[in-house]
Amino acid sequence: MRSVPRFKLGVNRWSYPSSVKLEDALRHAARTGFDLFEPAVEEDDLRLLGRDEFDRRWKGLGELASSLGIGIETVATGLFWRYNPLVDSNAGVVRRIVEAEARAANILGAKVILVVPGLAVPEMGYDEQLEKLKRVWRALAPIAREYGVRIGVENVWNRLLAGPLEMKWFLEDLEPEVFGAYFDVGNVLPHSMPEHWIRLLKGRIVAVHVKDFYIPPTLDGLRFGVPLTGSINWPGVRRALEDAGYSGPITAEVPPYPGDPYKAAEDTLTALRKIFG
């Protein structure tokens, strides 16, 4: 009889508005009943990197999580949207972002860091950009090895790696001990199906982000949302993850409601328990 993995359910820091402090988001996630919380490295962390204050900040967050009984297995960042790894002038900052993520993860005991591989630029050919990105990330692999973390390459709306075959091809040229896919279920709609991605990336998925995506009949009003409020085939997603043998974190990255900073996270846990419980 095939064993079915018990998924750990988490929530990302971005599921709370920026007005909610990181520590308060962590407390709410624990109180709500999430197994995991995913913090994010910010611009301030780059300024603190290499100073004792950086280590104290992340050690303090880890101690708070431990006291609340909630785990931290992944670390994210949105900084690659600001500092495109394809742009040579950003090379130094990109390296610092990866080091900040990896060091924070190491302090917290997390094993995966999320990266946006790059943002398409019009002045370079498509194939040229992908080859360059492989060189960029190969050069950053020693940082991940030093801190004992894996780099999760996320599929995002960056006009690169838009299909599962492209992502599979991209990862095949990067060492599997360091690189894997940080698969975002909601980001693949409307141009592809998450079930196809999961099956093709079997064995290379190191973490999963979940949110829904609603596709109206007229394509007017496309939007992300809480799972079970959109167009994703959630039973199919669960079956694909189980068939792929995935048993890592399932982390919600949902937009917070305008009228309440916490309710979207609460509704999300209810939905995730129904889908994956």
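Me: Before we start, what does "buried" mean here?
Reply: Buried means under 20% relative accessible area. Keep in mind that this is a predicted model.

Me: OK. What share of the residues counts as buried?
Reply: 54% of the 277 residues in the protein.

Me: And the secondary structure, how many helices and strands?
Reply: Nine helices and 11 strands. The radius of gyration is 18 Å, and the globule rule gives 19 Å for 277 residues, so the protein is as compact as a globular protein of that length.

Me: What box do the C-alpha atoms fill?
Reply: Roughly 45 × 45 × 40 Å, along the principal axes.

Me: What about contacts, how much comes from residues 24 or more positions apart?
Reply: Such pairs make up 78% of the contacts with a separation of 6 or more.

Me: Let's zoom in on helix α1. Which of its residues are buried?
Reply: α1 covers residues 22–32. Its buried residues are L22, A25, L26, H28, A29 and A30.

Me: What do they pack against?
Reply: Two strands, β1 (8–12) and β2 (36–38), plus two helices, α3 (52–68) and α9 (263–276).

Me: Which residue follows α1?
Reply: G33. Its phi is positive, near 120 degrees.

Me: Switching to the surface. How much is accessible?
Reply: About 12400 Å². Carbon and sulfur atoms account for 51% of that area.

Me: Last one, charges. How many positive and negative side chains?
Reply: 35 positive and 37 negative. The centres of the two sets lie 4 Å apart.

Terms used
Residues are numbered from 1 along each chain as its sequence is written. This is a predicted model: local features need pLDDT of at least 70, side-chain atom pairs count only at pLDDT 80 or more; totals for chains, interfaces and linings use all residues. Side-chain values use heavy atoms; hydrogens and water are left out. Helices (H or I, at least four residues) and strands (E, at least two) are DSSP runs, numbered from the N terminus. The radius of gyration is taken over C-alpha atoms; the globule rule is 2.2 Å times the number of residues to the power 0.38. Buried means under 20% relative accessible area, exposed over 50%, partly exposed in between (1.4 Å probe, protein chains only). Contact means heavy atoms within 4.5 Å. Accessible areas come from the Shrake-Rupley method with a 1.4 Å probe; for residues, only the protein chains shown count as cover. Lys and Arg count as positive and Asp and Glu as negative; His and the chain ends are not counted. The place of a charge is taken as NZ of Lys, CZ of Arg, CG of Asp or CD of Glu.
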